[in-house]
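Biologist: Could you walk me through this one? I have not looked at it before.

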Amino acid sequence: MSAADTLAAPARDSGSKPGGRAIRRRPPGGSEQGWAYLMIAPMTIGLAVFYLWPIAQMFYYSFTKSGPFGGQTWIGTANYHALVDEPSVVQAVVNTLVYTAIQLAGIPLAVLFATLLNQRGLRGRSIYRALYFLPVVTMPVAVAMLWRWMYNGDYGVINYLLSMVGVRGMHWAADPSVALYAVAAIGIWMSLGYNLVIFLAGLQGIPAEYYEAAAIDGSGAARTFLRITVPLLSPSIFFATILTMINSLQMFDLAYMMMSTPSGASGNPALPRVRTIAYLFYQKAFVEHDLGFGAAIAFVLLGFILVMTFIQFRLQKRWVHYG
Amino acid sequence: MRNKTVAWSDPTPGGVRRRSVIAAVGMGLLLSATACGSGDSPGNEKVELSYRIWDKNQQPAMQQIIDKFQAANPNIKVTIQLTPSAEFWTKMQADATAGSAPDVFWMNGPNAQFYASNGVLLPLSDELKSNGVDLANYPEALTRIYSYEGKQYGIPKDFDTIGLWYNKKLFDAAGVKYPDETWTWQNVADAARKLTNESKGIYGIAAPPFGQENYYNTIFQAGGYVISPDGKTSGYDQPAAIEGLRFWTDLMKAKASPSLKSMTDTFPAQTFQSGKLAMYYAGSWDAVAFAKDDNIKNDIDVTVLPKGQKQAVVIHGLANVAYAKTKHPKEAMKFLAFLGSKEAADIQANTGTVIPAFTGTQETWVKSMPQYHLQSYLDELAYAVPYPVSKNTSAWQSKEAEILGPAWSGEKDIAVAAKELAAMMNAALQKEQ
């Protein structure tokens with residue numbers, strides 16, 4: 001029995017369930033609806049209290065001068081004007097976009113790895129999968145610490161290896177010209193395992209018959225990959241792209257950990273070139289105690305993510321195939 | 001049962017349903033609000049105080065102090081809340097906003113005016129005398145950090161100053177005389193150049209852009225200031241301050257210090273402890289770690305900071321403060337007074353982690369590491385300058401190193417960077433008013 005059969009089986013099942021039909025037959029607005037509301041109430045209330053209400057409050061704060069211990073004064077759009085005038089905002093937007101672009105470039109890499117790991121008869125497949133997934137479940141603090149050691153310009157293992165082939169390495173996490181790429185590389189390494197799992201599931205949902213037919217028609221490996229695997233994997237790729245993009249646009253912890261020094265992150269000369277929008281939000285709101293300005297940054301970021309996600313959903317019609 | 005479900009799906013659209021949702025949300029908020037409050041207790045009943053600190057190493061000493069205090073005041077019970085320093089201020093700000101900050105807690109310089117000016121701290125001035133507290137018992141420059149608009153908000157707990165640590169082995173190898181109290185900036189610069197041996201990875205000094213350990217001291221020594229006495233303007237664009245900063249950038253230029261990037265990757269204290277740094281300006285808090293390090297502990301010693309135009313050192317220290325909205329201001333004040341007493345200071349001194357602020361109790365700390373001339377840290381009290389603070393210190397302080405960085409790595413002249421720094425700081429100070 002192929003993987004495709006197992007996927008298809010539950011779909012046939014749910015259609016023939018007698019209970020499913022019974023629910024549909026009941027008139028709408030009956031007592032079931034009341035129960036339904038009751039059942040989703042905990043979730044809805046939680047969402048309203050802990051997400052929607054704070055978002056609404058935040059929106060209000062972004063138009064105020066917020067005291068560090070409460071107390072708001074309405075100042076209109078002054079925070080947004082200040083945002084435009086602040087040079088570090090522009091740099092943070094650029095940094096965030098570069099980081100996001102690099103993370104998105106990691107997706108083809110994950111597709112490639114997933115295809116390789118999905119080959120039949122590959123030995124130790126589960127060991128590889130576990131290894132690739134390990135960075136996803138490791139604490140970011142531990143990850144950053146490890147990479148700080150490896151990136152160390154004077155004693156790091158990367159520069160040691162480079163020196164063996166006669167190349168003089170750099171201070172990867174402290175040099176303004178490379179630090180963002182060094183951090184982005186860790187980002188790819190961390191998210192590879194997650195995307196891999198999504199793609200493996202997607203690959204296993206592609207019916208084997210297609211591959212058999214392609215083989216009979218004399219299609220080579222590359223052609224099969226491009227004409228069968230990629231189009232049929234496109235829903236998974238789309239999903240992974242959206243998630244990666246949203247996560248990357250909000251990136252904070254990795255930058256914070258990688259830039260920090262015992263005397264604070266501001267001592268790292270690479271900070272201005274690595275600081276993301278979310279990092280700037282943290283700095284303004286919680287270090288400089290300017291909550292109103294911080295709220296404005298958070299809203300710009302939210303708008304940013306909404307627009308980018310909207311564009312992605314519009315574009316998906318051109319390349320995503322729902323089998 | 002049946003009736004209930006009908007009520008939930010009331011046909012009037014939005015009516016009951018919306019109201020019940022609002023009610024449920026309201027209930028949730030109400031519950032969370034009441035959860036924070038706790039009952040008042042009148043006069044003679046047992047009073048409970050919370051005391052929030054961030055240093056785990058000091059917890060045993062604090063507990064000893066509390067035990068003594070409770071023995072003398074059986075109607076007061078004090079509980080320690082240990083909050084790691086990384087989240088201490090975030091939590092404190094949230095608690096103070098919600099009106100549920102601890103009764104008594106530790107305060108540091110950068111946050112003192114921030115909390116005092118926002119009405120979070122209990123003004124102590126009038127209560128000090130009646131509780132037997134005499135501020136003359138603490139270093140004057142330290143006490144000043146915790147006064148705001150003529151009122152005293154904190155009683156000093158401990159303090160730290162900066163000293164010049166040096167590695168005798170490296171000095172001997174280079175044939176340079178050890179630093180002493182007669183040293184000037186020139187001596188440091190000359191020695192640093194002589195001691196540096198780049199091919200062996202040995203540097204004369206570490207010159208990172210650290211405020212408290214490095215450039216605040218030299219700015220004061222050059223006769224400059226970081227913040228004007230009225231707290232309204234920056235002193236970074238004054239010629240004296242620029243001189244104080246240039247002392248460090250000149251050392252960087254001479255390559256007598258590891259590069260800025262290098263010091264970002266490997267913290268200077270580590271380099272000093274690995275025996276590859278001849279001189280290092282370090283706080284009194286570093287002494288314990290140095291004394292424990294087998295690699296260097298027998299090769300090092302400490303002396304006072306070399307003088308520029310004059311002698312100066314930055315002093316910082318913690319204070320104990322009380323929450324303005326505490327339910328038991330009287331008891332909190334009593335506890336604060338005991339925390340500031342000689343008895344409490346002696347307990348702190350005996351544990352050897354920090355220098356107690358109470359004058360005359362510091363000898364124990366000096367004797368705890370007799371192999372080093374720790375007395376230097378106390379000798380400096382004669383010319384100590386308070387750690388520079390304002391109402392929102394971190395708004396400008398957190399950006400100092402970022403603006404100075406390009407001057408440290410040689411991309412910008414220090415005078416230009418200092419002027420940018422002054423402009424940023426003046427804008428931040430303007431915002432505070």
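Modeller: What follows covers the basis of the model, one chain and some salt bridges. This is a predicted model, in which local features need pLDDT of at least 70 and side-chain atom pairs count only at pLDDT 80 or more, while totals for chains, interfaces and linings use all residues. Residues are numbered from 1 along each chain as its sequence is written, chains are lettered from A and ligands numbered from 1 in the order in which they are written, and side-chain values use heavy atoms, with hydrogens and water left out.

Biologist: How many helices and strands does chain A have?

Modeller: Chain A has 15 helices and two strands, where helices (H or I, at least four residues) and strands (E, at least two) are DSSP runs, numbered from the N terminus.

Biologist: And how much of chain A is buried?

Modeller: Of its 323 residues, 38% count as buried, meaning under 20% relative accessible area, with exposed over 50% and partly exposed in between (1.4 Å probe, protein chains only).

Biologist: Switching topic, how many salt bridges are there over all chains?

Modeller: The whole structure holds 16, each being a side-chain nitrogen of Lys or Arg within 4 Å of a carboxyl oxygen of Asp or Glu. One of them joins Asp290(A) to Lys431(B), at 2.7 Å from N to O.

Biologist: Where do those two sit?

Modeller: Asp290(A) is in the loop between α14 (277-287) and α15 (291-319) of chain A, and Lys431(B) is in helix α20 of chain B, so the pair crosses between chains.

Biologist: Is each one buried or exposed?

Modeller: Asp290(A) is buried at 16% relative accessibility, whereas Lys431(B) is exposed at 53%.
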